[in-house]
Amino acid sequence: MLLAIDCGNTNTVFSIWDGETFLVTLRTSTHHARTADAYFTWYSTLVKHYGIEVDITDVIISSTVPRVVFNLRVFADRFFGCRPMVVGKPDCALPVAPRVDAGTLIGPDRLVNTAGAYARHGGDLIVVDFGTATTCDVVAEDGAYVGGVIAPGVNLSLEALHMAAAALPHVDVTTPPRVIGTNTVDCMQSGVYWGYIGLVQGLCDKIRAEYARPMKVIGTGGLAPLFAQGADLFDEIEDDLTMHGLTVIHDYNKKG
Ligand SMILES: Nc1ncnc2c1ncn2[C@@H]1O[C@H](COP(=O)(O)OP(=O)(O)OP(=O)(O)O)[C@@H](O)[C@H]1O
Ligand SMILES: CC(C)(CO)[C@@H](O)C(=O)NCCC(=O)O
Ligand SMILES: [K+]
């Protein structure tokens, strides 16, 4: 069975794939110093809690944080006796090669989203991922990643306001009651909520105009449903897109 690991700058997600469905999904915060033994203690406790008994034979890792890969490799080797596939490394091929400027190191999460979205929807897509950063990935007709957009993430923007302005509190992202806030918290939430809806809508319109072909927009990341409530941003929302992409890339490499 496959253990797929998606390590973002904020959160690390483990999911067990039995070939047809994800049996369980486990989430922890990302720490570069977490050891292989610490991963296993956390993993085995939760797997036991959920009553899951599986034999992990394969591990695939996508990590936007290069420093965590070492300990995750040790984890895979020590506890499952396997050499993990690491997206972005030369021994892990992509179904379709990206077309970007020479020397660009594209975030593995974006390559994985591209592979997952293409497998489900075919090409001519914009994938919008609300993670630590808010990214758009453009998937060409043939499934290649051909570029995109990196904007600050929603929570990062709220945190930046709080950090930089003495009078602004820490607030969570949510749908504000009105656009015109009548207190500080509502004003901040409005700025971020409606601001990001405008940002995503504006970017998608401009991408479509530049790309000059009809495109479908796929939303992913934990905050996609929240933003979808406020506007018609996405054709589809898929909370498991990155995980799905990991299974696609794993399959592709297994089949040679
Ligand atoms: N209604 C909500 N309000 C606030 N936060 C939310 C809400 N729904 C989901 N989230 C948060 O959104 C985040 C989405 O997780 P996701 O994996 O998409 O990105 P991330 O973990 O923040 O970023 P990265 O993948 O870059 O580490 C989670 O941290 C989750 O706590
Ligand atoms: C943009 C993020 C932080 C989004 O997770 C990640 O994909 C990343 O670190 N990318 C590297 C640069 C790039 O994708 O072009
Ligand atoms: K993510």
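# Close-up views of a predicted model

**View 1. One helix stretches over a whole run of strands.** Helix H7 (residues 241-254) lies across S1, strand S2 (11-17), S3, S4 and S5, and runs at about 125° to S1. Keep in mind, here and in every view below, that this is a predicted model.

**View 2. The sheet under helix H7.** Here we look at the strands themselves. They make an open sheet of five strands, ordered S3-S2-S1-S4-S5, and the pairing is mixed. Strand S3 (22-29) and strand S5 (85-86) are the edge strands, each pairing on one side only. Helix H2 (residues 69-80) packs on this sheet too, where it touches strand S1 (2-7), S4 and S5. The direction of H2 makes about 170° with that of S4.

**View 3. Two ways of pairing in this sheet.** In general, the strands of a sheet pair through backbone hydrogen bonds, either parallel or antiparallel. Start with strand S4 (residues 58-63), which pairs with S5 in the parallel sense over two bridges. If you want a spot to look for, find Ile60, whose bridge partner in S5 is Met85. Now move over to S2 and S3, which run antiparallel and are joined by seven bridges. Asn11 has Ser29 as its bridge partner in S3. S2 and S3 form a hairpin, with four residues between them. In the turn sits Gly19, with a positive phi of about 105°.

**View 4. Helix H1 and the glycine after it.** How far apart are the end C-alpha atoms of helix H1 (residues 36-49)? They are 20 Å apart, which agrees with the 20 Å that 14 residues should span at 1.5 Å a residue. Just after H1 comes Gly51, which takes a positive phi of about 70°.

**View 5. The other five-stranded sheet.** This open sheet has its strands in the order S8-S7-S6-S9-S10, with mixed pairing. Its edge strands are strand S8 (145-152) and strand S10 (236-237), each of which pairs on one side only. Further in, strand S6 (residues 125-130) and strand S9 (residues 216-220) run parallel, with five bridges joining them. Look for Val127 here: its bridge partner in S9 is Ile218. Helix H5 (residues 184-211) lies across S6, S7, S8 and S9, and it runs at about 20° to S7.

**View 6. Where the two domains meet.** The domain assignment splits out domain 1 (2-86) and domain 2 (110-245). Taken over C-alpha atoms, the centres of domain 1 and domain 2 are 26 Å apart. How many residues of each are in contact with the other? Eight residues of domain 1 are in contact with six residues of domain 2. On the side of domain 1 that touches domain 2, the residues divide into two nonpolar, five polar and one charged.

**View 7. The surroundings of ligand 1.** Ligand 1 has 13 residues around it, and the closest are Gly8, Asn11, Gly131, Gly221 and Gly222. Asn11 may ring a bell: it is the bridge partner of Ser29 in S3. By class, the shell has four nonpolar, eight polar and one charged residues. Domain 1 (2-86) and domain 2 (110-245) each provide at least three residues of this shell.

**View 8. Ligand 2, between the domains.** Around ligand 2 you'll find Gly8, Asn9, Thr64, Ile106, Gly107, Asp109, Arg110, Gly131, Thr132, Ala133, Thr135 and Ile150. These divide into three nonpolar, seven polar and two charged residues. Helix H3 (108-121) and strand S7 (133-139) each supply at least two residues of the shell. Why does ligand 2 lie between domain 1 (2-86) and domain 2 (110-245)? Both domains give residues to the shell around ligand 2, so the ligand lies between them.

Conventions:
Residues are numbered from 1 along each chain as its sequence is written. Chains are lettered from A and ligands numbered from 1 in the order in which they are written. This is a predicted model: local features need pLDDT of at least 70, side-chain atom pairs count only at pLDDT 80 or more; totals for chains, interfaces and linings use all residues. A residue is near a molecule or strand if its C-beta atom, placed from the backbone, lies within 6 Å of it. Ala, Val, Leu, Ile, Met, Phe, Trp, Tyr, Cys and Pro count as nonpolar, Asp, Glu, Lys and Arg as charged, and the others, Gly among them, as polar. Domain bounds come from an automatic or database domain assignment. The expected span of a helix is 1.5 Å times one less than its number of residues. Two residues are in contact if their C-beta atoms, placed from the backbone, lie within 7 Å. Two strands pair if DSSP finds at least two bridges between them. Axes are lines fitted to C-alpha atoms, for helices over the stretch in contact, and angles run from 0 to 180 degrees between N-to-C directions.
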